[in-house]
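Biologist: I am new to this structure and would like the terms explained as we go. Please show it first.

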Amino acid sequence: MLPGVGVFGTGSTARMLVPLLRGEGFEVRALWGRSEEEARSLAQELGIPFHTSQSDDVLLHPDVDLVCIYISPPLTRQIAVKALGIGKNVVCEKAATAVDAFKMVTAARYYPQLLSIVGNALRFLPAFVAMRQLLAEGYVGELQVCDARVYGPSLLDQSYGWTCEELMGGGGLHTVGSTLVDLLSHLMGARAIRVHGLLRTFVRQNGAIRGIRRVTSDDFCFFQMLMGGSGPGTGSGVCCTVTLNFNMPGAFVHEVMVVGSAGRLIARGTELYGQRNGGNGEELLLGDSEGTGQEVKDVPPHLRGLGSMVKALKDAFQAQEERRSWARGPVAMASTFEDGLYVQTVVEAVKRSSRSGEWESVEVMTQEPDPNQNLCEALQRNKN
């Protein structure tokens, strides 16, 4: 039995998610927006019967058993933890900080019978599902190097908001880089042990953001990750490089390449290519099943992967007799809250490296730190 869904958010992801959910048979029962006007406008557009700007109204809705949270990072932890405490299954975006992510992990461990996943849809994109399988089968031999690059236009909103602030989870590293950290670790079955990075903010003001306000979130980021060697086909000390540039007009570029002792695999957008050593050239291993039109190609891969993720959610819920029950198999590849904590730890290590100019260790927290210490560190960063 498919559960009723409550959606938090009115942005592009939430707008695309609702039709996908309905296409797989889910009923979207409620919508939350930052303001009553935002919620009402999108609810009327998408035909959602209930809308509100009060989070508890969605969480306590009797027909909502699955909550999808696609809102600004600073609000994610509060709503996700409360939803689990009420007994709702949760699919959400990343948290704003490692401390927030740790609190989400604690809640998920306390309610293990509830679904709690981070909605990184890249894991479900067919090109990366196929890439992971080929890596496990030894297509590239012993893995040596991974390289990812994403180029595109500015990530800033039309008006000043959380996307402009580094401490609120804005910027290319947190928004896009985090999904690549998660994806690369998932593909290799290994985690980063040390990182080195550089962040820059080239556009600090524009036509909509000016005066006393300035952008602190990064629009350019380059970082390296030295990985452990626990995955299939990996060797000790695999190096991953990631380049993010959101000052690029024109077509959106999203490429992930893995190189090994026997060949290479590269995902360009939603298509997968491969070439073995000694081969006659690159071959198309998996094409785009949704067409080749420009409108299709302009949709970023993470949004294209949403459809596959929603299908997996359907498979997890539909065979169950109760609306809140789910099967682990169909969503086994999903990113857990523990994965989210690891990813946020890497992101914060990259930020430390950018400030120090040194390689930084990735040490996932095992207990919540003293909040006074976090405040002192934040004040020190602002002072510098």
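Modeller: Let me start with exposure: a residue is buried under 20% relative accessible area, exposed over 50%, and partly exposed in between, with a 1.4 Å probe and protein chains only. This is a predicted model, in which local features need pLDDT of at least 70 and side-chain atom pairs count only at pLDDT 80 or more, while totals for chains, interfaces and linings use all residues. Residues are numbered from 1 along each chain as its sequence is written, and side-chain values use heavy atoms, with hydrogens and water left out.

Biologist: Why is R268 called partly exposed?

Modeller: R268 has 30% relative accessibility. Partly exposed covers what lies between under 20% and over 50%, so R268 counts as partly exposed.

Biologist: How do you know that E255 forms a salt bridge with R268?

Modeller: A salt bridge is a side-chain nitrogen of Lys or Arg within 4 Å of a carboxyl oxygen of Asp or Glu. For E255 and R268 the closest N and O atoms are 3.7 Å apart, so the pair meets the cut-off of within 4 Å. E255 lies in strand 11 (residues 253-260) and R268 in strand 12 (residues 263-268), so the pair ties together parts that are 13 residues apart in sequence. E255 counts as buried, at 17% relative accessibility. Both residues belong to a salt-bridge network of R149, E255, R264, R268 and E282.

Biologist: What makes a stretch a helix or a strand?

Modeller: Both are DSSP runs, numbered from the N terminus: helices are H or I with at least four residues, strands are E with at least two. The protein chain has 11 helices and 16 strands.

Biologist: Why is the protein chain called as compact as a globular protein of its length?

Modeller: The radius of gyration is taken over C-alpha atoms, and the globule rule is 2.2 Å times the number of residues to the power 0.38. For 384 residues the rule gives 21 Å, and the radius of gyration of the chain is 21 Å, so the chain is as compact as a globular protein of that length. The C-alpha trace spans about 60 × 55 × 45 Å along its principal axes. Of the 384 residues, 48% count as buried.

Biologist: How many salt bridges are there, and what makes E368 and K103 one of them?

Modeller: The structure holds 21 salt bridges. In the pair E368 and K103, the closest N and O atoms are 3.6 Å apart, and the cut-off is within 4 Å, so the pair qualifies. E368 lies in the loop between strand 16 (360-361) and helix 11 (371-383), and K103 in helix 5 (residues 98-110), so the pair ties together parts that are 265 residues apart in sequence. E368 counts as partly exposed at 42% relative accessibility, and K103 counts as partly exposed at 29%.

Biologist: Which residue forms a salt bridge with D339, and is D339 buried or exposed?

Modeller: D339 forms a salt bridge with R191, the closest N and O atoms being 3.1 Å apart. D339 lies in helix 10 (residues 337-356) and R191 in the loop between helix 7 and strand 8 (192-200), so the pair ties together parts that are 148 residues apart in sequence. At 15% relative accessibility D339 counts as buried, whereas R191, at 36%, counts as partly exposed.

Biologist: Why does K88 have no salt bridge?

Modeller: The nearest side chain of opposite charge, D65, is 4.6 Å away, and a salt bridge needs within 4 Å, so this pair does not qualify. On charge, Lys and Arg count as positive and Asp and Glu as negative, while His and the chain ends are not counted. K88 is buried and sits in the loop between helix 4 (73-86) and strand 5 (89-92).

Biologist: Which residues does K88 touch?

Modeller: Contact means heavy atoms within 4.5 Å. Not counting residues up to four places away in sequence, K88 touches L59, H61, V64, D65, V67, A83, L114 and R324.

Biologist: Why are M188 and Q158 described in opposite words?

Modeller: M188, in helix 7 (residues 172-188), has a relative accessible area of 2%, so M188 is buried. Q158, in the loop between strand 7 (143-151) and helix 7, has 73%, so Q158 is exposed.
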